[in-house]
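Trainee: Please take one helix and go through it closely. I would like its own geometry first, then its neighbours.

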Amino acid sequence: MIDLCTVSYNTRPLLERQLNTLLSDSPAEHDRPWHLFIADNDSQDDTRDFLRTHTTGPTAVLYNKNIGYARACNQLAALGEGDIIGLLNADVWLTTSDVMAIQKSFDEDPNMHLMGPKQRDERGNITHAGIVGTNTAPRHRGWHLPDQEDIQFRDKVPVVTVSGSAYFIRRSTWEALTNDEEYVALVKDFVTRGLLQADALEYPGAFIHTPHYYEETFCSYFANHRGYGLYYDGRVSIGHSWHASHSKGSEVDQSWSISQNIFREACDKLGIEHD
């Protein structure tokens, strides 16, 4: 069973597309291989009206204040019991068949603890084909390369991290990272020093509470540091509208450097190489 955890903020059309795609080939509710948990972070469009009237699909919906992406992901991950957690942007779409293929990928390889599928946008351009290289020099394969026939990068390869838009991790790994003594001490120290907000302790999880970026990169680097296997699996291909969950130049983008500094200091504290 995979617990899909979607965070939304002013993205009602995208959220509706995600839900409709999931349900397009879904069996009866009790036979679904997924649970869907949605956190809406105080959307000001019609997202909340949509969620309140759409009774088919979501297992649970949380109506938050705007607590940020990492906090909401940690909050949602704690709700489920599935052996795999999928942390999703609202601008991702995938079918139930895709979910089953992701589950199969984990089932086939017990050494795979974290996985990212191939992703393409509406025009068939690649938005994720694996991030390879090293922690100090990560490299995106096939970035925005046209692939209308969906034939490129259909391989499975070890990676240094995967795209945060569709991030799949074993629950056992997520919980081990969340409860890691060094990591817990680091979060408490960052809260005390004002680098993280106090609610980092209220919403514990393996995504460090940056304002927006680098939460998934830190989780990947930390997982690799602890010896867990990270893979890109292009045998599973899903959709992703790149940069559609927020506009370029928005307040979210302006937090990039703050998030990067938190990420770098966290890595330094734990002895993890980074760029």
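Mentor: What follows is a close look at helix α9 and the helices that pack on it. The model is predicted, so local features need pLDDT of at least 70 and side-chain atom pairs count only at pLDDT 80 or more, while totals for chains, interfaces and linings use all residues. Residues are numbered from 1 along each chain as its sequence is written, and side-chain values use heavy atoms, with hydrogens and water left out.

Start with the helix itself. α9 spans residues 256-270, 15 residues in total. Helices here are DSSP runs (H or I, at least four residues), numbered from the N terminus. From first C-alpha to last, α9 reaches 21 Å. That is close to the expected 21 Å, where the expected span is 1.5 Å times one less than the number of residues. G271 follows α9, and its phi is positive, near 75°.

Now the buried side. S259, Q260, I262, F263, A266, C267 and L270 of α9 are buried (under 20% relative accessible area, with a 1.4 Å probe and protein chains only). Viewed down the axis, these residues fall within an arc of 160°, so they line one face of α9. The arc is that of the directions from the helix axis to the C-beta atoms. An α-helix has 3.6 residues a turn, so residues three or four places apart point the same way. The cover over the buried residues of α9 includes α6 (181-192) and α7 (215-225).

Take the two partners in turn. Two packed helices are described by the angle between their axes and the distance between the axes. Axes are lines fitted to C-alpha atoms over the stretch in contact, and angles run from 0 to 180 degrees between N-to-C directions.

α6 packs on α9 at about 135°, with the axes 11 Å apart. The pair is therefore oblique, the class left once angles under 35 degrees (roughly parallel), over 145 (roughly antiparallel) and 65 to 115 (roughly perpendicular) are set aside. α6 passes α9 in a right-handed crossing, meaning that the near helix is turned clockwise from the far one by less than a right angle. E182, L186, D189 and F190 of α6 contact I262, E265, A266, K269 and L270 of α9 (heavy atoms within 4.5 Å).

α7 is the other partner. Its axis comes within 10 Å of that of α9, and the two cross at roughly 15°. α7 and α9 are therefore roughly parallel. This crossing is right-handed. On α7, T217, F218, Y221, F222 and H225 meet F263, A266, C267 and L270 of α9.

Note on methods: Buried means under 20% relative accessible area, exposed over 50%, partly exposed in between (1.4 Å probe, protein chains only).
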